[in-house]
Amino acid sequence: MSRIQLALNVDDLESSIAFYTKLFATEPAKIRPGYANFTVAEPPLKLVLMESPGKGGSLNHLGVEVVDTDTVDAEQTRLAEAGFASIEERGTECCYAKQDKFWVEGAPDGERWEVYTVLGDSPVMCAPAEDSSPCCA
């Protein structure tokens, strides 16, 4: 199953957690310092909250969470054939998770899209990939 990811900057993590818990009638799947995420069943959504005082209410990035690395690869191939460039990250640690992913480049308004799969949990918010690509923060 795939789902859309919406990563928002929030001024106050605690009040945002309280709001989105009520809005989507679900508890956060993960809470870490300055970070929380929700796995919402209906509509299928991964909502990520990133505490960024002074930037609350703005978009951090968008994404598509997919089931496995094979799907990441297939989507990267499909988008490359459609003329989209990408930045690949394998085994990166981002958003307290180890991930295989890529970032789509060239969105018309500069929005940041990632296609990713979660390989496991991570104790850190962001650690650059082996190629020193930036994390989503």
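## Starting at Tyr20

Tyr20 has a relative accessible area of 16%, so it counts as buried (buried is under 20%, exposed is over 50% and partly exposed lies in between, using a 1.4 Å probe and protein chains only). A word on the ground rules: this is a predicted model, in which local features need pLDDT of at least 70 and side-chain atom pairs count only at pLDDT 80 or more, while totals for chains, interfaces and linings use all residues. Residues are numbered from 1 along each chain as its sequence is written, and side-chain values use heavy atoms, with hydrogens and water left out.

What does Tyr20 contact, leaving aside its neighbours within four places in sequence? The partners are Leu8, Ala25, Thr26, Phe38, Leu47 and Leu49, where contact means heavy atoms within 4.5 Å.

## Two nonpolar cores

Tyr20 belongs to the largest nonpolar core, which holds eleven residues. The other members are Leu8, Val10, Leu13, Ile17, Ala36, Phe38, Val40, Leu45, Leu47 and Leu49. Four elements each give at least two residues to this core: β1 (3–10), α1 (13–24), β3 (35–40) and β4 (45–51). A core here is a set of buried Ala, Val, Leu, Ile, Met, Phe, Trp, Tyr and Cys residues joined through side-chain atoms within 4.5 Å; helices (H or I, at least four residues) and strands (E, at least two) are DSSP runs numbered from the N terminus.

Separate from this is a second core of seven residues, among them Tyr35, Val48, Met50 and Tyr96. Nonpolar side chains tend to be buried together in soluble globular proteins.

## β4 and its partners

Strand β4 is mostly covered, with six of its seven residues buried. How does β4 pair with β1, in the parallel or the antiparallel sense? The two are parallel, with seven bridges between them, and Asn9 has Met50 as its bridge partner in β4. Strands count as paired if DSSP finds at least two bridges between them.

β3 runs antiparallel to β4, and six bridges join the two. Phe38 is bridged to Leu47 of β4, and Phe38 and Leu47 are both members of the largest core. The two strands form a hairpin with four residues between them. Pro43 sits in that β3–β4 loop, and the peptide bond leading from Glu42 into Pro43 is cis, with omega near -5°.

## Aromatic pairs

Searching the whole structure gives three aromatic pairs, defined by ring centres (Phe, Tyr and the six-membered ring of Trp) within 6.5 Å; planes under 30 degrees apart are stacked, over 60 edge-to-face and the rest tilted. Tyr20 and Phe24 are a stacked pair because their planes meet at 15°, with centres 6.3 Å apart. Both residues lie in helix α1, four residues apart, about one turn of the helix. Phe24 is partly exposed, at 22% relative accessibility. Ring pairs also bring in Phe19, giving a cluster of Phe19, Tyr20 and Phe24.

Tyr35 and Tyr96 make a tilted pair, 5.3 Å from centre to centre with 55° between the planes. Tyr35 is in strand β3 and Tyr96 is in the loop between β6 (86–94) and β7 (97–104), so this pair ties together parts 61 residues apart in sequence. Both tyrosines are buried.

## Around the β6–β7 loop

Tyr96 has a relative accessibility of 8% and a positive phi of about 60°, although it is not a glycine. Cys95 lies in the β6–β7 loop as well; this non-glycine residue has a positive phi of about 55°. Cys95 is buried, with a relative accessible area of 7%.

Arg32 lies over the face of Tyr96, at 5.9 Å from the ring centre. Elsewhere, Arg112 lies over the face of Trp103, at 4.5 Å from the ring centre. The criterion is NZ of Lys or CZ of Arg within 6 Å of the ring centre and within 35 degrees of the ring normal.

## Thr117 in β8

Thr117 is part of strand β8 (residues 113–121), and at 2% relative accessibility it counts as buried. Which residues does Thr117 touch, not counting those up to four places away in sequence? They are Val66, Val67, Asp68, Thr69, Val72, Lys98, Gln99 and Asp100. With Asp68 there is a polar link too: the side chain of Thr117 reaches the backbone nitrogen of Asp68 at 3.4 Å.

Terms used
Polar contact = N/O pair within 3.5 Å; in protein donor to acceptor, adjacent residues only side chain to side chain.
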